[in-house]
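Please look at the sequence and the structure below, and keep both in view while the following paragraphs lead you from one group of strands to another.

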Amino acid sequence: MKNSGVARGLFGDISVDKHRLTVGGCVASELAHEYGTPLYVFDVDRAVKTAKAYVDVLKREYPHSTVCYASKAFCCTGIYSLLAPLGLGADVVSGGELYTALKGGMSPSKIYFHGNNKTESEIKYALDAGVECFVVDSALEVELLEKHAVKPQNVLVRVNPGVEAHTHRFIQTTTVDSKFGFSIADGTAESFIAALGVRKNVKFVGLACHIGSQIFEKQSFEVAIDKMTDFILRLEKRGIAVERLDLGGGFGIHYIDQDLPLTPEGYMTNSARYLRAAVEKRGIKPPHLIVEPGRSIVGEAGVTLYTVGAIKTIKDVKTYAAVDGGMFDNPRVALYDADYTAVIADKADIDGDFEYAIAGKCCESGDVLIRSVKLPELRTGDVIAVLSTGAYHYSMASNYNRNVIPPVVAVKNGRSAYMVKPQTYEDITRNDVIPKFSED
Ligand SMILES: Cc1ncc(COP(=O)(O)O)c(C=O)c1O
C-alpha cells in the first residue's frame with residue numbers, strides 16, 4: 001500500500017473546500033458534471049508559477065541561459081500561449097510538435113528541435129520555419145541538413161555522458177545502451193563533432209544531454225555537469241568552441257506521498273552554481289545554459305477526473321473499481337508501472353480504509369490506473385480525481401479501443417474553459433477510408 005488517497009497537505013496548491021477538491025478555484029465534481037468524464041483539468045496558474053520559477057531562478061543564478069519547455073510533456077497550442085510570454089523557449093521532437101508550438105505563438109528563434117530520427121520532411125519543415133537550433137543525433141541528420149540548409153544552421157550534438165539517474169529503468173535515456181546520443185566514453189562523440197568542422201551549412205554550437213526522468217537527486221545533475229564540462233575542455237583543447245550546453249530536463253515531481261522532489265528553485269540553484277564552479281575549475285568559458293523541464297512545469301498542474309462504474313470484489317484478493325478512462329488517457333502505468341494517488345472528488349480530505357485497484361475500461365488486463373489506493377468506500381457514480389496528471393497524459397493519449405481522447409479544461413480563478421475540445425466519434429473515424437480498388 002503506497003497511497004493514502006488524502007489530498008490535504010499532499011500537494012501544496014491543491015485545495016479542499018468543505019471536503020470538495022478544488023483546482024484553480026473550481027470545484028472538481030462540478031467540472032465533472034459540466035464537462036463530463038473522463039476529463040483532464042489543467043490549473044493554468046500552477047503551470048505558469050512553476051515555469052516562472054525556472055526563469056526567475058536562472059535569471060538570478062545563471063543569466064546566460066534559456067528555459068525551453070519540453071513539449072512532449074503536454075503539447076497543445078494553449079500551453080505555448082501561456083509559456084512564450086514568460087520568456088520560455090520550446091524543445092520539440094517532431095514536425096507535429098513544431099507545428100503546434102508555432103501555432104501556439106512560440107517564436108522559431110526559441111525552438112530547439114530534438115529527435116533521434118528526424119525525417120527528411122521534418123528537417124525541411126524545421127529549416128523553412130527557421131528553428132533556432134537542431135539537436136543532432138545521427139550522421140544521417142547531418143547529411144540531410146547539408147542537403148537542405150541554405151545557410152549555416154546552428155546545431156547542438158546530443159551526447160551520452162553515461163550518467164544513470166535514479167529513476168525507473170524504462171525511462172532512463174542515457175545509459176550506455178541508449179538509442180539517444182553519441183557516447184563520450186568510447187570517443188564516438190568527439191570524432192563526430194570534429195568531423196562537423198568540414199560541413200558548410202552545419203554550424204556546431206554546443207552539446208546536449210538528458211540523463212533521465214523523474215529525478216530527485218541533485219547529485220545526478222552534478223555528475224552530468226562534471227562529465228559534460230570535462231568533455232567541453234577536451235573539445236576546446238582541440239580548438240572546438242562549445243558555446244552552449246543543454247542539460248535537458250528530468251526534474252522530478254510529486255505523484256505519491258513518498259516522492260520528494262526539489263522545487264525548480266532547488267534544482268536550478270544547485271545546477272547553476274555547480275556549473276559555474278565546474279567551468280571555473282576547468283578554466284573554460286561559461287556556456288550558454290539550456291534546461292528543458294517538461295514534467296515539472298505541467299505535471300502537478302493536471303488532475304484527471306473519472307466516474308466510477310463497475311466495482312468488483314475478488315474474494316481474498318482485491319477490489320477493482322473501474323472508471324470510464326484507462327490506458328487510452330493514461331498509458332504510463334502500463335508503460336512504466338507508474339504510481340499515482342487518487343481522491344474522491346467530494347471527500348478529498350477524508351481518510352478511508354477501503355483498498356482499491358482503480359481499473360480502466362480497455363480490453364487489456366494491464367489497464368490499471370492505480371494498483372492500490374485507500375479511499376472511503378466507493379460507489380458507482382462517484383467522481384474520483386487522479387492527481388499529477390498534467391505531464392505525459394494528454395500527450396501520450398490514444399484512441400485505443402476507439403475511445404475518444406478526453407478534453408482538457410483549463411481552470412483559473414474559479415473559471416474554466418476548453419484548452420483542448422472533446423473528440424467525437426466522427427473525429428475518430430474522420431480519416432478512415434473503406435478502400436476501393438479499381439477492379440472492384
Ligand atoms: C531531450 C529531453 N529534454 C527534456 C525532456 C523532458 O523531461 P522531463 O519531462 O522529465 O522534464 C526529455 C524527456 O524525455 C528529453 O528527452
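In this predicted model, a good place to begin is an open sheet of 3 strands, which follow the order β1-β2-β3 and pair in the antiparallel sense. Strands β1 (15–17) and β3 (26–27) form the edges of this sheet, and because each has a single partner strand, one side of each is left without a neighbour in the sheet. In general, the strands of a sheet are paired through backbone hydrogen bonds, in either a parallel or an antiparallel arrangement. Between β1 and β2 (residues 20–23), the antiparallel pairing runs over 3 bridges, and here Ser 15 has Thr 22 of β2 as its bridge partner.

Now turn to strand β8, which covers residues 133–136. Are its two faces covered or not? Both are covered, since Cys 133 and Val 135 on one side are buried, as are Phe 134 and Val 136 on the other.

Strand β8 pairs with β7 (residues 111–113) in the parallel sense, over 2 bridges, and in this pairing Phe 113 stands opposite Phe 134 of β8. To get from β7 to β8, the chain passes through helix α5 (residues 120–129), and the resulting β-α-β crossover is right-handed.

Strand β8 also pairs in the parallel sense with β9 (residues 153–160), this time over 3 bridges, and Val 136, one of the buried residues of β8, has Val 157 in β9 as its bridge partner. Together with helix α6 (residues 139–148), strands β8 and β9 make a β-α-β unit that is right-handed.

Note on methods:
Residues numbered from 1 in each chain as written. Predicted model: local features only at pLDDT ≥ 70, side-chain atom pairs only at ≥ 80, totals over all residues. Buried ≥ 20, exposed ≤ 12 C-beta atoms within 10 Å, placed from the backbone. Helix = DSSP H or I, 4+ residues; strand = E, 2+ residues; numbered from the N terminus. Pairing = 2+ DSSP bridges. Right-handed = clockwise from strand over helix to strand, strands pointing away.
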